[in-house]
Structures are given as C-alpha cells and as structure tokens.
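Trainee: I have a model open and would like to learn how its features get their names. Could you walk me through the reasoning?

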Amino acid sequence: MDRLRAYPDDRFGPARHMFALACLDGMGPDVARVATDGDRWALCIVHPGATIVPTGDPEVMAVAGPPTRRWRLLIGDVAASLPLLADGACPPDTRVHHQRFMLVDRDLVPPEADLPDPGLRRAVPADADAVTRLAVQLHTDDEFGDRVSRAGRRGYRRRVVSSIEGGLTWVCGPVGAPVAKLDRSVSSTRWGVQLAGIVVEPEARSRGIGRALVAAAVRTALERSGDLPVSLHVRAANTGAIRAYSAAGFVDTEEWRLAVRP
C-alpha cells in the first residue's frame, strides 16, 4: 500500500489510486494481484464486480498479463492498461475508450451563490426504477456496448439498489422520478471521494442541471472530507461533460483508459 500511495509521487499518488487504496482498505489484500521483478512492480485490483484496475510498471504488467480472464471492465492509467489491451491480450471486440482523469481544485469550485444546488439528495428506495433507467441511459451515452437486454436491466437494477442501500447514489428531482444522478465509486474518510455514473435525463439536458449537480456534490464532499481529494474520470470524447466538470471545479490531469469486454 505504501508503494501504491507514493506512485508516481507522494503528492499525486493517493489521489490517482484512491479506488485501489479504498478497495485494499475495505476488502483486504486478497483483492490485489502483485507482480515484481525486484525493484519494479505492477499491481492490479480485482474487484468482485469483474472490474480490474491496473497500475505500476508497464513492462512488469506485460509479463504478468491479466490477473483474471473473466474481467469485464478495466479502468486505469494508460501505461499500465495498454499491456492488458494489446493484440491478443483481450478479445478483439473489446470496446476501448480514451478517458480523462480529473481532480478538484478547491480554489475553482463555484460557491452556491454562483451555481445553486439543484436539490441534491441521497437516493431512496422509491427512486430505484428511475435511477435504473438513468444508468441504462448512461450505458448508451458512454458506448458501453449493445442495447441492454432484460437480463442486463435486471443486473443494473441490482447494482442500483445496492448503491442506494449503501448511501452511495445521489439524485436531484422528485422522489420516484429523479432527472439526474451520480454515484460515489469511492467514499473514504481516508482517501477521498470519487464521483462516477453521472447522467442527466435526455429531456432535462442543456439546462445546466449536470453542472449544478456535480458542483453541489463536490461542495458536499469537500465539507465532509477536509483536505482529501475529489476525483472522477470521463470519456475524452464527451467534451460537453468535461466543460461541465471544469465549471464545477475539476481540472484535467492525465489520460486513462476504460475498456469493456462483451
């Protein structure tokens, strides 16, 4: 954990690897696969949801290969991800997206007077159906794959219900009919907050709701996390979202990769 926290440096490491560090804190060392040739090392978190998060030396990662053949989602920095996405390392129909990793600059977060809270609240069980529809909409928006099947929708709903029960999903709009949502993929008093799954109902777009929702979520996170970082990653081609996140106080820091296997 100390190596991970300090990679590539003490300043950036904890923010860059907050998901991996939070997984190690919450689930223990069994979720990590580590390879080393002495001084150099590579690590891959294998999350129970079939998500892998690689980091570390790319040459060591290339030799070690994927930690599991059953991963469905990969998210990580470019150097560590590319060896796992090279020809022959994953199915040819794997969808690979260029991502941007963004961090909040506290000095750039707009005060509520400038960008009012749109009514951010924690989601409740009555929101589950609407939040599931939003999650499926995001699947389409972010080009995660083909049209979601009935079984896929049931899977989305199970994950939505679990996230709501864990207090990790936030929405705005009436109970039972929210028009926008976001999740916390990390909510750690030790490492910080990572926002994910941000989506606005298509009919409610172009009104500034997404920008205001994210700004309110950032202010809430900063109030409770002290000096800890707040991060997210976004598809590089989604320039509208990047502008909205920048307006909410985020700064683009580096390129990442997100890959989805069929």
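Mentor: Gladly! Let's start with a word we will need: a residue is called buried when its relative accessible area is under 20%, exposed when it is over 50%, and partly exposed in between. Keep in mind that this is a predicted model.

Trainee: Which residues of the salt bridge between D183 and K181 are buried?

Mentor: Both D183 and K181 are buried, so each has a relative accessible area under 20%.

Trainee: What makes D183 and K181 a salt bridge?

Mentor: Their side chains meet at 2.7 Å, N to O. The cut-off is 4 Å between a side-chain nitrogen of Lys or Arg and a carboxyl oxygen of Asp or Glu, so the pair qualifies. In general, side chains of opposite charge can pair when their charged atoms come close.

Trainee: How many salt bridges does that rule give?

Mentor: The count comes to 15. Another one joins D127 and R121, at 2.8 Å from N to O.

Trainee: Why is R121 called buried?

Mentor: R121 has 18% relative accessibility, and the limit is under 20%, so R121 counts as buried. Its partner D127, at 0%, is buried too.

Trainee: And E255, is that buried or partly exposed?

Mentor: Partly exposed, because its 29% falls between 20% and 50%. E255 forms a salt bridge with R257, with the closest N and O atoms 2.6 Å apart. R257, at 9%, is buried. Elsewhere, D37, R40, D57 and E59 are joined into one network by salt bridges that share partners.

Trainee: How do you know that helix α7 has about the span expected of it?

Mentor: Helix α7 covers residues 150–165, 16 residues in total. From first C-alpha to last, α7 reaches 23 Å, close to the 22 Å expected at 1.5 Å a residue. Within α7, G155, Y156, V160, S163 and I164 are buried, and the buried residues pack against α6, β7 and β8. Just after the helix, G167 takes a positive phi of about 70°.

Trainee: What lines the second largest pocket?

Mentor: There are 14 lining residues, with R11, A15, L103, V104 and P229 nearest the centre. Strands β5 and β11 are the elements that give two or more residues to this lining.

Trainee: How do the residues of that lining divide?

Mentor: Into nine nonpolar, one polar and four charged. The pocket itself has a volume of about 270 Å³.

How values were computed. Residues numbered from 1 in each chain as written. Predicted model: local features only at pLDDT ≥ 70, side-chain atom pairs only at ≥ 80, totals over all residues. Heavy atoms only, no water. 1 Å grid on protein atoms, 1.4 Å probe; cavity = no way out; pocket = protein on both sides within 12 Å on 5 of 7 lines; lining within 4 Å. Points joined across faces, edges and corners; volume = space filled by probe spheres on them. Helix = DSSP H or I, 4+ residues; strand = E, 2+ residues; numbered from the N terminus. Nonpolar A, V, L, I, M, F, W, Y, C, P; charged D, E, K, R; others polar. Buried < 20%, exposed > 50% of the residue type's maximum accessible area, 1.4 Å probe, protein only. Expected span 1.5 Å × (residues − 1). Contact = heavy atoms within 4.5 Å.
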